[in-house]
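Q: Please take a close look at the empty space in this model. Which pockets does it contain, what lines them, and how are the surrounding elements arranged?

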Amino acid sequence: MCEVTIIDAICGKGKTSWAIEYMNRNDEDKFIYITPYIDEVNRVLFGCSYRSFETPDTKNSKGTKLEDFNKLLSAGKNIVSTHALFSLVNDDTLKYLKENEYTL
């Protein structure tokens, strides 16, 4: 079963701050934070530093960012990334999301 909660407000009203606080309070859950902005990726990495969020890259793998994203998912890591990468999800991505019960 899937539960959906939408947090909606205009820019600058604290949505990202709320999300960072929520993710820090719920340390038993696995999270994926998707944002359109690289600055927000860095903000989440810093704001959730003790949660050890990771961001997919190709520097440490010999494939694409999507392959690295799927590798992080399969390992159950907390992940922060951009909309651009998330728009490329494939069957493996969906499988790992379900297996590891992520909160997006």
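A: Helices (H or I, at least four residues) and strands (E, at least two) are DSSP runs, numbered from the N terminus. The model is predicted: local features need pLDDT of at least 70 and side-chain atom pairs pLDDT 80 or more, while totals for chains, interfaces and linings use all residues. Residues are numbered from 1 along each chain as its sequence is written, and side-chain values use heavy atoms, leaving out hydrogens and water.

The largest pocket (an open set of points on a 1 Å grid over the protein atoms alone where a 1.4 Å probe fits, with protein on both sides within 12 Å along at least five of seven lines) has a volume, the space filled by probe spheres set on the points, of about 1,400 Å³. Its lining, meaning residues with an atom within 4 Å of a point, comprises 38 residues, and T5, I7, I32, Y33 and L104 are the closest to the pocket centre. At least two lining residues come from each of α1 (15-25), β1 (30-35), α2 (38-47), α4 (83-86), α5 (91-100) and β3 (102-103). Among these contributors, α1 gives the most, with 7 residues. By class, the lining of the largest pocket holds 21 nonpolar, 8 polar and 9 charged residues.

The second largest pocket has a volume of about 210 Å³. Its lining consists of I38, V41, N42, L45, T55, P56, D57, K59, K65, S81, T82 and L85. Two or more of these residues are given by α2 and by β2 (79-82), and α2 has the largest share, 4 residues. The lining of the second largest pocket divides into 5 nonpolar, 4 polar and 3 charged residues.

The strands β2, β1 and β3 form an open sheet of 3 strands in the order β2-β1-β3, with parallel pairing (at least two DSSP bridges between two strands). Because β2 and β3 stand at the edges with a single partner strand each, one side of each has no neighbour in the sheet. Between β1 and β3 the parallel pairing runs over 2 bridges, and F31 stands opposite T103 in β3.

Two helices lie across strands of this sheet. Helix α2 lies across β1 and β2, running at about 170° to β2; angles run from 0 to 180 degrees between N-to-C directions. Helix α3 (residues 65-74) lies across β1, β2 and β3, at about 155° to β2.

Helix α2 also packs with α1, at an angle of about 35° and with the axes 10 Å apart. The crossing of α1 and α2 is right-handed (the near helix is turned clockwise from the far one by less than a right angle). Their contact (heavy atoms within 4.5 Å) involves T16, S17, I20, M23 and N24 of α1, together with E40, R43, V44 and G47 of α2. The residues of this contact divide into 3 nonpolar, 4 polar and 2 charged.

Notes: Ala, Val, Leu, Ile, Met, Phe, Trp, Tyr, Cys and Pro count as nonpolar, Asp, Glu, Lys and Arg as charged, and the others, Gly among them, as polar.
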